[in-house]
Amino acid sequence: CLEPAVEARIDVTDLELANLESSLKTLNIETYRARQIYHWIHRRGATAFDGMTDLSRQLRNDLASRFKVSTPVITERQTSSDGTIKFALQLTDGHQIESVFIPETPRKTFCLSTQVGCAMQCTFCLTGKMGIIRNLSAGEIVGQVRVLTRELDLFEQPFNIVLMGMGEPLHNYDNTMQALRMLTCSYGQAVPLRRITLSTVGVLPALQRLASEPAMPNLAVSLHGTTEVQRNQLVPINRKYGLEELIATCQSFPLKRRSRITFEYVLIKNVNDSEDDARRLVKILSGMKAKVNVIPLNTASGIPFERPSKERINRFGKILARHQLTVSVRKSRGHDIRAACGQLMLENEKQRPLQQPKGRIKGLNN
Ligand code: SAH
């Protein structure tokens with residue numbers, strides 16, 4: 001039989017435009033077709049060649065015999081009282097991930113996963129409890145946007161993307177970078193890079209690599225501690241890539257004019273919420289183009305920490321603001337449906353064996 005087996009078909013959703021063009025070229029198909037196909041899949045949410053009506057039926061059939069259009073399937077949709085929507089998506093191999101849609105922050109935002117589970121094991125994060133199951137492909141990272149824009153009917157509407165769902169983006173470097181190129185491609189969703197934020201614990205070799213990328217998203221660094229000992233306890237990768245080195249890397253990170261690194265700081269009662277912590281944080285970030293996003297801990301059973309009181313959160317934020325740091329206190333979104341930061345964890349996945357080991361304050365009084 002000359003027909004390629006189903007398994008041999010290339011997943012078209014995982015190809016960058018240039019790769020799709022060269023794949024078509026080897027099949028003697030005009031390369032401008034690649035732009036049409038890319039547009040159908042990434043801009044219009046097509047999940048099969050069948051509906052690509054500006055391609056001949058013959059061509060659609062040819063394409064379907066060579067390529068598959070892998071698309072995650074929504075298996076669950078939960079809406080929070082604050083409008084945040086959490087989706088469980090099933091991948092083609094049966095693994096599940098979660099993606100979150102936040103309606104107005106003030107802009108619509110998609111919070112995407114980059115891995116099934118996470119290897120970083122931050123002690124206050126539920127996703128960390130799953131361990132790492134596998135990396136997402138670039139097509140699966142982008143697939144979350146394809147599926148959700150279609151489900152929510154958001155075609156042609158502007159939105160932000162934050163890589164703050166399950167996983168550590170810099171632990172899946174190549175696929176994450178490919179996904180960013182695909183998301184920003186003008187024939188696809190054409191999301192401007194300034195609307196994309198990559199959040200990382202600071203996997204240093206990868207962060208250094210990111211610094212030399214020609215096109216860079218906004219950077220958010222999960223700091224959470226102000227001493228090596230404290231950060232070792234909260235973010236275990238700190239034992240390998242320590243705070244001092246991380247800060248030095250951030251200090252020399254090439255930033256565009258007027259842009260700043262966001263430092264995320266999960267505030268945990270009696271662990272890292274003292275006035276001394278706040279002062280140390282000020283000192284660490286002094287002289288840097290930085291802003292701080294204080295995230296009061298989202299609690300969950302299995303997380304052995306508590307959220308500080310409102311007063312303590314305010315006091316912490318005020319010390320930072322007094323020292324000319326721009327501070328925002330992140331409002332917890334979707335806590336009631338476990339869609340808030342660090343709360344993404346799928347019960348059924350959890351059971352699987354691991355395969356690898358200037359003084360502005362926004363939202364302070366909410
Ligand atoms: N791995 C990346 C991105 C995913 S987590 C990173 O660590 O940056 C996105 C943010 O949510 C991180 O700042 C993370 O520390 C934070 N987070 C994790 N668990 C949390 C929790 N229980 N409460 C509040 N924020 C949490």
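**View 1. Polar contact between the ligand and Glu264 in the predicted model.** In this predicted model, the side chain of Glu264 places an N or O atom 3.2 Å from an oxygen atom of the ligand. The ligand taken alone exposes 530 Å², of which the protein buries 97%.

**View 2. Polar contacts of ligand nitrogen with Gly167 and Glu168.** A polar backbone atom of Gly167 lies 3.0 Å from a nitrogen atom of the ligand. Glu168 contributes through its side chain, where a polar atom is 3.1 Å from a nitrogen atom of the ligand.

**View 3. The shell of residues around the ligand.** The ligand is surrounded by 19 residues, and those that come nearest are Phe124, Ser199, Ser222, His224 and Asn298. Sorted by class, the shell comprises nine nonpolar residues, eight polar residues and two charged residues. At least two residues of this shell are supplied by strand E10 (196-200), and at least two by strand E12 (261-267).

**View 4. Packing of helix H5 against helix H6.** Helix H5 spans residues 138-151 and helix H6 spans residues 173-184. The axes of the two helices are 8 Å apart, and the helices pack at an angle of about 45°. An angle from 35 to 65 degrees falls outside the roughly parallel and roughly perpendicular ranges, and H5 and H6 are therefore oblique to each other. Their crossing is right-handed.

**View 5. Crossing of helix H6 and helix H7.** Helix H7 covers residues 204-211, and its axis comes within 11 Å of the axis of H6. The two axes cross at roughly 30°. Because angles under 35 degrees count as roughly parallel, H6 and H7 are described as roughly parallel to each other. The crossing in which H6 passes H7 is right-handed.

Notes:
Residues numbered from 1 in each chain as written. Predicted model: local features only at pLDDT ≥ 70, side-chain atom pairs only at ≥ 80, totals over all residues. Heavy atoms only, no water. Near = heavy atom within 4 Å. Polar contact = N/O pair within 3.5 Å; in protein donor to acceptor, adjacent residues only side chain to side chain. Areas by Shrake-Rupley, 256 points an atom, 1.4 Å probe, with all protein chains shown as cover. Helix = DSSP H or I, 4+ residues; strand = E, 2+ residues; numbered from the N terminus. Nonpolar A, V, L, I, M, F, W, Y, C, P; charged D, E, K, R; others polar. Axes fitted to C-alpha atoms, helices over the stretch in contact; angles between N-to-C directions. Parallel < 35°, antiparallel > 145°, perpendicular 65-115°, else oblique. Left-handed = near helix turned anticlockwise from the far one by under 90°.
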